[in-house]
Amino acid sequence: MSVILLIEQVLNGLQFGVMLFLMAAGLTLIFGVMGLINLAHGSLYMVGAFAAAAVAGWTGSFLLALAASLAAAAAFGALIELTVIRRLYARDHLDQVLATFALILIFSEATRWTFGSFPLFLDTPDWLSGTVMLPGGIEYSLYRLTIIGIGLVVAVALFLLISKTRVGMRIRAGENDREMIGALGVDISILYTLVFALGAALAGLSGALVGAIQSVEVGMGEPVLILAFVVIVIGGIGSIKGALFGAILVGLTDTLGRTLLPVLFGTFMEASSATTIGSALASMLIYILMAGVLVFRPTGLFGSA
Amino acid sequence: MISTKAKQTLKAFGAASVLALSMATGAAAGGHAKAKIGLITTLTGGGAGLGVDVRDGFMLAINQAGDGAGVEVVIEDDQRKPDVAVKLADEMIQSEKVDILTGIIWSNLALAVVPGAVAQGKFYLSPNAGPFQLAGKGCHENYFNVAWQNDNLHEAAGAYANEAGYKNSFILAPNYPAGQDALKGYKRMYGGDLAGELYTKLGQTDYAAEIAQIRASDADSVFFFLPGGMGISFLKQYADSGIDLPVVGPAFSFDQGILQAVGEAALGVKNTSQWNKDIDNAANKAFVETFQAEYGRLPSLYASQGFDTANLILSALAKADVKDADAFRAALKEADFDSVRGDFKFGNNNHPIQDIYVREVIKEGDVFTNKIIATGLTDHQDVHAKDCALQ
Amino acid sequence: MLRERYLNLIILAILVIIPLWAWVSDEPFTITLVTRAVILALAGVGLNLALGQGGLVSFGHAAYFGIGGYAMGILASHAQNYDPIIEVPFLIEGTNSMPIIWLVAVIAGALSALVIGALSLRTTGVYFIMVTLAFGQMLYYFAISWPAYGGEDGLSIYVRNQFPGVNTLDPMQFFVVCFVILCVVLFLVDRINKSPFGLALDGAHQQEERVQTVGINVYRLRLVAFVISGAITALAGALFADLNRFVSPVMFSWHFSGEIIVFIILGGVARLFGPVVGACLFILLEHILGDLSDYWHIYLGAILLFVVLFAKGGILGFLSKKEVPHAG
């Protein structure tokens, strides 16, 4: 395997990781502030993608589609927070898992009822399609580079929001001591709705960004949801830094595992069984990584006990 | 008569079908129906599009035959879960007392249901899945496949690759039995070298790593089998990568239902199929027209298979009583119906012997669709037939 | 307490009466459906020991269900093809005897729960939920891509396995086998719950420090509960495979792990009969709602949501109007 291919695969891993970060950031924020496990986060990702596909279909504008994905996911996020989720904050994780599992069923079938059983069309805009030549002769997709860029911007923005603004201060205060912040007169329920809608909007944005190069279909959120959970558990639940680090670690592990393991097995076994076994191991790799991390650091890499 | 339940399930949802269910049971008790058919297919979740198409194609033929045909159809949703499919098959056989089962889309569900159903003396007609286990050693006199053996379309793609002069193909498929069979099927016919052979994760949606490997290889063509959403993702990302090697694959990623979601990225791609809407025969013309009129969309490969399956059953019912298993089996095997794909006959293992075409993705007005450009394989029979003990 | 015991007896009675009625009126499918509910209930009873009594929310119990299923599938497929499993260093043949298959399933389930539990129990809370999910997913992807036993296609077993003196292909007789197993397991679990071990397990769930200060090793306590729980769920997996005469990787999927949790919460967490009621209700809903509409998952989701939000303590909690009988 050439060096150029290896660098390209590292970029691919990075891009996959950044995309996971957009999902994981909302998930970890919601858990960190409200202590809620939200399985329906993948449904908000799907809502974002469908909203983007619908708006892109009507208007032909990719930017409007992205705006629609943010708005629709945030709106649905706020809606379920107000009707269902806020009743779950005081419950144990078990009730949260089940209630949000029920929300997945409702969201998936309601989407299918609205948009039909066939995948929708959403494409990258002309001004972002094609490839660019990177230094060293690497030809790389412009759209994927853009995703890396957007992800990093979001990471910085979230970091600034939490460490520098008044809202962020309240979020941090809320994480540390819920009663205290209530006593200080901050209307905590509005804060919670805002945080939930923010997390939902990030999921929706990532659904729209990814939907343009993947398939916009019912059920698209579930595999990503599981990966996002793997990410935040590895990074330490509640930590944005952990989510970023975990996402990139998972992205790189998965991408490099997929490409390198079959090659590695090929050095000592017959080619076709090396491909099969290498690919089988690669599909299990991130779960092995996660189990490994938790065995040595039971609260993730950046988690507090 | 046609079961009210089936009609209701098609047209209306909600409380109406509960009522219809009791009416359907009443009709069965009356004993007027010549045959009762259980249709188990996927109607919820990500793969529902295929099941809906098979059901709509099937019911179109049944409705066209009218009440005189004396067929009653019970439709149930398997949710793409093998254990649910088995449960429904038990229900259809033990409780609904159907004579014929059909409808399953996925090979793994078919493998769960078919052996048990035929062992209990029921007929099973597959409108889609054709796993090798049921075509070779595990073939059964009561199991008929009206679509294809799973390898067929991949073999045709391999044959086309030879004809197109490809010498160095890069091939990829998901790492599960149907994916492994797809690559085997392609290699069986393809005579050139392999630039690479990859298995991806089932359900994978990001193919950047695989596309980078294709770019780095010295391949002159790409063959892939990635059904459903996986194929949409791959094609869009492949088009975005700027690689311009020719792509060939089986029809599953270029079907009418998903082509619109792939868009421009699929234009010009060659794919193999036993059916297309431009096949020139009267049955096909009528089918495409009536399907569009009834459901407001172009029929897909799956709809055509559902339609053919229903017409095969109707043709056999016209000749023999379904309760007389030997006569009915013989009538099925004659395949005396106007298939929308043109010539159709069964081999010794009750799998089709048929032509497989090469299609190209084109744009007609605003709609992406396929047109036939060549015949990939003529009167093709699957290789597993020789392992089947049936005559 | 008394009231819930009566309720439990009524539930058992219903589980006997429905198949009997179906048997008399020649409705074999109803018997199959009840058998399915009984087997899924058994899987739930297994998880309930860890989740209800022990407070260990495992989101990966499909792993043991699948292992039990594959124990049956592998042994029976080798017996079916007259092909020994291994020949060197000593001969192991397949079998189609149910008792042997159950034993293998229970041992395999217990061993895998021992390994997974030993690693997972180092974590708590959400981390525990997620690490058990991760192990489940590992096995799922392994089962899909491992070609020897059918991969995603799964394994078909053409006849049901044998149990001495019983015609297992007869729906009623197979139901009786499953029902007796469920009763035996319920009895044993009840004994466990009321034993010093069960009380300590429940105590560790409520107040971990207090149990620790009496000198009980909480980690070991939970590990034992987790192993028993996995073994019971594996037994259910073996029966489920025999019911369908088929195993597939879907048994390992995270959706199934979710479904077992749904049974428990529907019925009532930490109640002996909670999973039994929950599984029966789930099967009933699936059966009725499925005929109602193509989009029946919406109704199912709405009902689940309602139970979680408003019917705390599940159906049994609602019926017996009593909080979970801790230490009880």
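**Before the views.** Helices and strands here are DSSP runs, numbered from the N terminus, with at least four residues for a helix and at least two for a strand. Keep in mind that this is a predicted model.

**View 1. Chain B as a whole.** Let's start with the big picture: chain B has 14 helices and 13 strands. Its radius of gyration is 21 Å, close to the 21 Å that the globule rule gives for 391 residues, so chain B is as compact as a globular protein of that length. Measured out along its principal axes, the C-alpha trace of chain B would fill a box of about 70 × 45 × 40 Å. Of the 391 residues in chain B, 65% are buried. Take the contacts in chain B between residues at least 6 apart in sequence, and you'll find that 70% of them link residues at least 24 apart.

**View 2. An open sheet in chain B.** Here 5 strands of chain B line up in the order β2-β1-β3-β4-β5, with parallel pairing, to make an open sheet. At the edges sit β2 (71–77) and β5 (143–145) of chain B, each pairing on one side only. On average, and ignoring direction, neighbouring strands of this sheet are turned by 20° against each other.

**View 3. Zooming in on β3 and β4 of chain B.** Strand β3 (residues 100–102) and strand β4 (residues 123–126) of chain B run parallel, and 3 bridges join them. If you'd like one pair to look for, try B:Ile100: its bridge partner in β4(B) is B:Phe123.

**View 4. Around B:Asp387.** This residue lies in the segment that follows β13 (367–380) of chain B. With 13 other C-beta atoms within 10 Å, B:Asp387 counts as partly exposed, because a residue is called exposed at 12 or fewer and buried at 20 or more. Leaving aside residues up to four places away in sequence, B:Asp387 touches B:Gly136 and B:Lys137. B:Ala135 is 252 residues away from B:Asp387 along the chain, yet their C-alpha atoms are separated by 8.1 Å.

**View 5. Where chain C meets chain A.** In this view, 35 residues of chain C are in contact with 37 residues of chain A. On the chain C side, the elements giving two or more residues are α5 (125–145), α10 (254–267) and α12 (296–310). The top contributor is α5(C), with 13 residues. Sorted by class, the side of chain C that touches chain A has 27 nonpolar, 7 polar and 1 charged residues.

Conventions. Residues are numbered from 1 along each chain as its sequence is written. Chains are lettered from A and ligands numbered from 1 in the order in which they are written. This is a predicted model: local features need pLDDT of at least 70, side-chain atom pairs count only at pLDDT 80 or more; totals for chains, interfaces and linings use all residues. Two residues are in contact if their C-beta atoms, placed from the backbone, lie within 7 Å. Ala, Val, Leu, Ile, Met, Phe, Trp, Tyr, Cys and Pro count as nonpolar, Asp, Glu, Lys and Arg as charged, and the others, Gly among them, as polar. Two strands pair if DSSP finds at least two bridges between them. Axes are lines fitted to C-alpha atoms, for helices over the stretch in contact, and angles run from 0 to 180 degrees between N-to-C directions. The radius of gyration is taken over C-alpha atoms; the globule rule is 2.2 Å times the number of residues to the power 0.38.
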